[in-house]
Amino acid sequence: MQERHTNRERYFIEQGIVTEKYIIPYIEAVCPISPEMVIGEIGCGEGGNLRPFLDRGHKVIGIDLSQSKIENGISYYAEHPMKHNLTLIAEDIYDSDPTLIPKFDIIIMRDTIEHIPNQAIFLNRVRDFLTPQGKIFFGFPPWCMPFGGHQQLCKNKFMSVLPYYHLLPPFLYKGILKLAGESTETIEGLIEVRDTRISINRFNRIIKASRFSFVRKDLYLVNPGYEIKFKLKTRKLPGFLHIPYLRDFMATSYYSVVQKED
């Protein structure tokens, strides 16, 4: 397991850096972000992706299932000068009442959609939280990419850097993880990612079926976040690799901005 995953505060800081440097400019290329906009994040963890928006004075709201992560986030923001504009909620989005939360002009979903079961049902639920002209930013690793199984979370150092083995049949994948000494908790978490896996084509179909349309979409050969993690320069997937199915194995990240069709 990489040290950044065990050090939650470091991970929180890195999230903010990536959002400031890459995600905000990506969104602003198709949707100017004015100060009065309300920014939301579903599956926010400690809320690191929200920090650059809070720095700008936006009203920001983060929702996450994990009570402990929300508590961590509250402590990380304790001294922030704009903390009065921050709301962090430990709750299932299906239990949240959209009439009690300000409608979001922009929703951030970075590295979360691949963890969510029944993604089409989820997106229909999210519609209730958006303003009519609201946008959703998605950033996620396609399932077939080298580390689409999130195996970097393994405690076994070799298994945490071994690519593609998450594509093995489930019984083999689980067996290898057990042989490597991974805990039941880690294995269950990785199998959950496998169960909710999402390809590029499947994501595109879900967006269309959920009555959203793309405002922008891009595939990356080198994920923008890898500059912070590994000091690698961001690179988009070359056009000649944009072949259906092949691109799933080569693209390390899929960025997009979507909006309601009606």
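Me: Helices (H or I, at least four residues) and strands (E, at least two) are DSSP runs numbered from the N terminus; how many of each does the chain have?
Reply: The chain has 11 helices and 8 strands. This is a predicted model, in which local features need pLDDT of at least 70 and side-chain atom pairs pLDDT 80 or more, while totals for chains, interfaces and linings use all residues. Residues are numbered from 1 along each chain as its sequence is written, and side-chain values use heavy atoms, without hydrogens and water.

Me: How many salt bridges turn up in the whole structure?
Reply: A search finds 9, each a side-chain nitrogen of Lys or Arg within 4 Å of a carboxyl oxygen of Asp or Glu.

Me: Which residue pairs with arginine 51?
Reply: Aspartate 55 does, at 2.9 Å from N to O. The two lie 4 residues apart in helix α3, so about one helical turn separates them.

Me: Are those two buried or exposed?
Reply: Aspartate 55 is partly exposed at 40% relative accessible area, and arginine 51 is partly exposed at 22% (buried is under 20%, exposed over 50%, partly exposed in between; 1.4 Å probe, protein chains only).

Me: And what does arginine 56 meet?
Reply: Its side chain forms a salt bridge with glutamate 28, at 3.3 Å from N to O. This pair links distant parts of the chain, 28 residues apart: arginine 56 is in the loop between α3 (51-55) and β2 (59-64), and glutamate 28 is in helix α2 (residues 8-28).

Me: Changing topic, what share of the chain is buried?
Reply: Buried residues make up 51% of the 262 residues.
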